[in-house]
Amino acid sequence: MQYSGQRTRVKDILDRETAGGEVMVQGWVKTRRSSGAVSFIQISDGSTLRDLQIVVEQSSPDYALVETLNTGCSVSVVGELLESQGRNQKYEINATKLEVLGQADPEEYPLQKKRHTLEFLREIAHLRPRTNTFGAMARVRNTMAYAIHSFFQERGFQYIQTPMITASDAEGAGSMFRVTTLDLQDPPRREGLVDTAEDFFGQPTFLTVSGQLEAEIFALAMTDVYTFGPTFRAENSNTSRHLAEFWMVEPEVAFCDLDGLAELAEDFLKYVFSSALDKCPEDMAFFNQWYDNTAISTLEGIINSSFERLTYTEAIKLLESSGETFEFPVSWGLDLQSEHERYITEKRIGRPVVVTDYPRDIKAFYMRMNDDGETVRAMDVLVPRIGEIIGGSQREEREDVLLDRMRQSGLDAENYWWYLDLRRYGTVPHAGFGLGFERTVQFATGMQNIRDVIPFPRTPKNAEF
RNA sequence: UCCCCAGUAGCUCAGCGGUAGAGCGGGCGGCUGUUAACCGCUAGGUCGCAGGUUCGAAUCCUGCCUGGGGAGCCA
């Protein structure tokens, strides 16, 4: 089903069983090669990685127009679908009518026929979707986003929309962006301090760092829920794995413990990666060829193998007995560093690893205390090259234990009155995890920098476009 | 935020104390059912910004800005 009259998508044309018949295609010129008697135009409409070759003969009334075409122009073409005489494509269109919809001055248009660096393309994020790389990225990203919904929907989970603006200022996940309508040049004051009672919400508000606490509310009513939306971190993180605005998937399941959650995480990742391979074979082959020649085999390996389970204590023992020299110390009670995680998942196990039961002191207050009083039911899913891709836990459902943990963490229980209410009225064991969507796309495609797997990256000092 | 590296033509880079170069892209011309087509000619740069050293700075030094790699924080 299409909504634009006579136009046929490039993908639909190239996927046809046979040639023949008149078609109309519309898209953007990738390259043009002139000949004495004939001119070739490669056009793309983003529906597929493949270009469509348009042939215009010199005898055509529109041939003069063709001479004005260059990379970036938009065109509308009517012609006959033929078997191509050339080797690099199955079909081509012999144009009978050509219309230029929009010019692109070749002296100014920044995209060229050759390859550009990813750094340069980031500076022209409004044009980079027209490149093979970002077209492929957008299609894989779309497919994975759809797979996330279908995975949960097929399993009876309800999709919950949690708020992006929150008054909880310490959800334990880093610095937050302030949301305010106050005049920053001249804010209302009360006893010398900014009077937040005058602000839009009558109190300090922020952009959310996680929908987890709200998702728990719905899990304790609808049992199986998930969120999928943008989250924000005001950390001054300058790495290839961090964004100030990123998308997170957060399932939350009632009547579920950490073992059940680990199973869910494993099934989930396999489903999403399978979907990318099955539905975007050309795009994945492109990434495999140009960016990471292990991308496809890595995903296939994950889909066909079971994840390794390791407790934090076992992971420490493994690291201590590895004989490896690490920059950071390995000792029970200290958090695993990137180098440790990568050693485990890349060098020792060679596939995803679920590390569970971390020391309570390095994990958030809401994670369920184990009987040993020292560890909590937390889990991290580690994957080669990226490291932590999922962080989750069984939640503390016992009100008294949760209150203790909040006090130890220096949190004011009054601010979490509704969160505590969930433990007071009909509490049940429950668990959930968070998955960084961009990191998942990054992992699947083999792209090195997270800024290249989101359409418009938001990073410190950069909010262009 | 910390450590390291880099900013020279539209893009990718070379030049690393003596006054600016290549390839690609652009323009013009030629040739060919072409495939990042090919061949010839040609235009195009206050060498990131601000100071300093020097007879002389793209080149050495200092500061700042921007980008990249790594680390921390995490997803």
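A residue is near a molecule or strand when one of its heavy atoms lies within 4 Å of it, and helices (H or I, at least four residues) and strands (E, at least two) are DSSP runs, numbered from the N terminus. Keep in mind that this is a predicted model: local features need pLDDT of at least 70, side-chain atom pairs count only at pLDDT 80 or more, and totals for chains, interfaces and linings use all residues. Residues are numbered from 1 along each chain as its sequence is written, chains are lettered from A and ligands numbered from 1 in the order in which they are written, and side-chain values use heavy atoms, with hydrogens and water left out.

**Exercise 1. Work out which parts of the protein surround RNA strand B.**

Step 1: start with the residues. There are 49 around RNA strand B, and Glu92, Lys114, Thr239, His242 and Arg439 come nearest. On the RNA side, sugar and phosphate make up 49% of the strand B atoms that come within 4 Å of the protein.

Step 2: turn to secondary structure. Elements that each supply at least two residues of this surface include strand E1 (22-34), helix H3 (118-123) and strand E17 (387-394). E17 gives the most, with four residues.

Step 3: sort by residue type. Count Ala, Val, Leu, Ile, Met, Phe, Trp, Tyr, Cys and Pro as nonpolar, Asp, Glu, Lys and Arg as charged, and the others, Gly among them, as polar. The split comes out as ten nonpolar, 23 polar and 16 charged.

Step 4: pick out some N/O pairs. A polar backbone atom of Gly86 is 3.5 Å from a base oxygen of RNA strand B. His116 puts a polar side-chain atom 3.4 Å from a sugar or linking oxygen, while a side-chain N or O atom of Asn449 is 3.2 Å from a phosphate oxygen.

**Exercise 2. Classify two aromatic pairs and say where their rings sit.**

Step 1: set the rules. Rings of Phe, Tyr and Trp (its six-membered ring) pair if their centres lie within 6.5 Å; planes under 30 degrees apart are stacked, over 60 edge-to-face, and the rest tilted. The whole structure has 22 such pairs.

Step 2: take Phe151 and Phe268. With 5.3 Å centre to centre and 75 degrees between the planes, they are edge-to-face. This pair bridges helix H4 (residues 132-154) and helix H6 (residues 258-279), with its members 117 residues apart. Both Phe151 and Phe268 are buried (under 20% relative accessible area; exposed is over 50%, partly exposed in between, using a 1.4 Å probe and protein chains only).

Step 3: now Phe365 and Tyr419. Their centres are 6.2 Å apart and their planes at 70 degrees, so this pair is edge-to-face. Phe365 is buried at 5% relative accessible area, and Tyr419 is buried at 0%.

Step 4: look for a charge over a ring (NZ of Lys or CZ of Arg within 6 Å of the ring centre and within 35 degrees of the ring normal). Arg423 has its charged end over Tyr419, 4.0 Å from the ring centre.

**Exercise 3. Find the edges of the eight-stranded sheet.**

Step 1: read off the order. The open sheet runs E6-E12-E13-E18-E17-E16-E15-E14, with mixed pairing; two strands pair if DSSP finds at least two bridges between them.

Step 2: check the ends. Strand E6 (158-159) and strand E14 (308-311) each have a single partner strand, so one side of each lacks a neighbour in the sheet.

Step 3: inspect one end. E6 is joined to strand E12 (residues 224-232) by two bridges, and they run parallel. Gln158 has Val225 as its bridge partner in E12.

Conventions. A polar contact is a pair of N or O atoms within 3.5 Å; within protein, one must be able to donate a hydrogen and the other to accept it, and residues adjacent in sequence count only if both atoms are side-chain atoms.
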